[in-house]
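This report describes the fold, the nonpolar cores and the cysteines of a single protein, and it is meant to be read alongside the sequence and the coordinates.

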Amino acid sequence: MMRRSLIIHENESILSLICITKKEENIVKTEKNQVWDFNKEVELEKCGEGVQRKIMSYTDELMVVENHFEKGGVGAMHHHPHTQITYVVSGKFEFTIGNEKKVVQAGDTMLKKDGVEHGCVCLEEGILLDIFTPMREEFV
């Protein structure tokens with residue numbers, strides 16, 4: 001088992017999200033500039049209560065991440081120096097971006113420019129597809 005930590009600073013408190021990677025037979029970790037990444041072969045990492053993710057294809061300039069949420073799962077409020085587009089594959093989520101809060105569902109997208117505070121709560125089990133530019137180096 002491999003363990004990675006991501007620490008997010010939120011106001012005066014520190015939220016720590018631990019991502020645990022489980023090695024299973026035929027499950028692989030994606031590599032930078034890999035041409036083919038088959039979803040069923042990419043490992044799922046636990047990132048918090050009710051949240052798991054798969055790091056899919058990426059280069060230095062671009063990264064795709066699939067996030068699986070159980071109902072009630074939380075993507076804590078945070079910001080980073082990356083522009084991020086999120087596509088709702090399935091489920092329903094309450095998102096906060098900056099000072100605005102909205103409910104989104106399958107087919108909706110959101111743009112989060114670098115430095116903008118954002119986070120979500122999962123209202124109905126679902127999957128979010130995040131696209132980052134540049135890649136999130138701390139994820140790999």
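A contact here means heavy atoms within 4.5 Å. With that definition, residues 24 or more positions apart account for 57% of the contacts in the protein with a separation of 6 or more. The model is a predicted one, and the values below are computed from it.

## Fold and surface

The protein contains zero helices and 10 strands, and, read from the N terminus, its elements follow the order β-β-β-β-β-β-β-β-β-β.

Of the 140 residues in the protein, 36% are buried. The accessible surface of the protein amounts to about 8400 Å², and carbon and sulfur atoms contribute 52% of that area.

## Nonpolar cores

The largest nonpolar core comprises 11 residues, namely Cys47, Val51, Phe69, Val88, Phe93, Phe95, Val104, Met110, Cys120, Cys122 and Leu128. Two strands, β7 (83-97) and β10 (118-133), each supply at least two residues of this core. A second core, separate from this one, has seven residues, including Tyr58, Met63, Phe132 and Met135.

Met110, a member of the largest core, touches Gln84, Ile85, Thr86, Val88, Phe95, Ile97 and Val104 when residues up to four places away in sequence are left out of the count. Among these partners, Val88, Phe95 and Val104 are themselves listed in the largest core.

## Cysteines without a disulfide

How many disulfides does the structure hold? The structure holds zero disulfides, and the geometry of Cys120 and Cys122 can be set against the cut-off, since a disulfide is taken as a pair of cysteine sulfur atoms within 2.5 Å. For Cys120, the closest cysteine sulfur is that of Cys122, at 7.4 Å, which is too far for a bond; for Cys122, the closest is in turn the sulfur of Cys120, at 7.4 Å, and that is likewise too far for a bond.

Both residues belong to the largest nonpolar core. Cys120 counts as buried because its relative accessibility is 6%, and Cys122 counts as buried because its relative accessibility is 2%, where the limit for a buried residue is under 20%.

## Met77 in strand β6

Is Met77 buried, exposed or partly exposed? Met77, which lies in strand β6 (residues 74-78), has a relative accessibility of 22% and therefore counts as partly exposed. The C-alpha atoms of Met77 and Val116 are separated by 9.9 Å, although these two residues are 39 residues apart along the chain.

Note on methods. Residues are numbered from 1 along each chain as its sequence is written. This is a predicted model: local features need pLDDT of at least 70, side-chain atom pairs count only at pLDDT 80 or more; totals for chains, interfaces and linings use all residues. Side-chain values use heavy atoms; hydrogens and water are left out. Buried means under 20% relative accessible area, exposed over 50%, partly exposed in between (1.4 Å probe, protein chains only). Helices (H or I, at least four residues) and strands (E, at least two) are DSSP runs, numbered from the N terminus. Accessible areas come from the Shrake-Rupley method with a 1.4 Å probe; for residues, only the protein chains shown count as cover. A nonpolar core is a set of buried Ala, Val, Leu, Ile, Met, Phe, Trp, Tyr and Cys residues joined through side-chain atoms within 4.5 Å.
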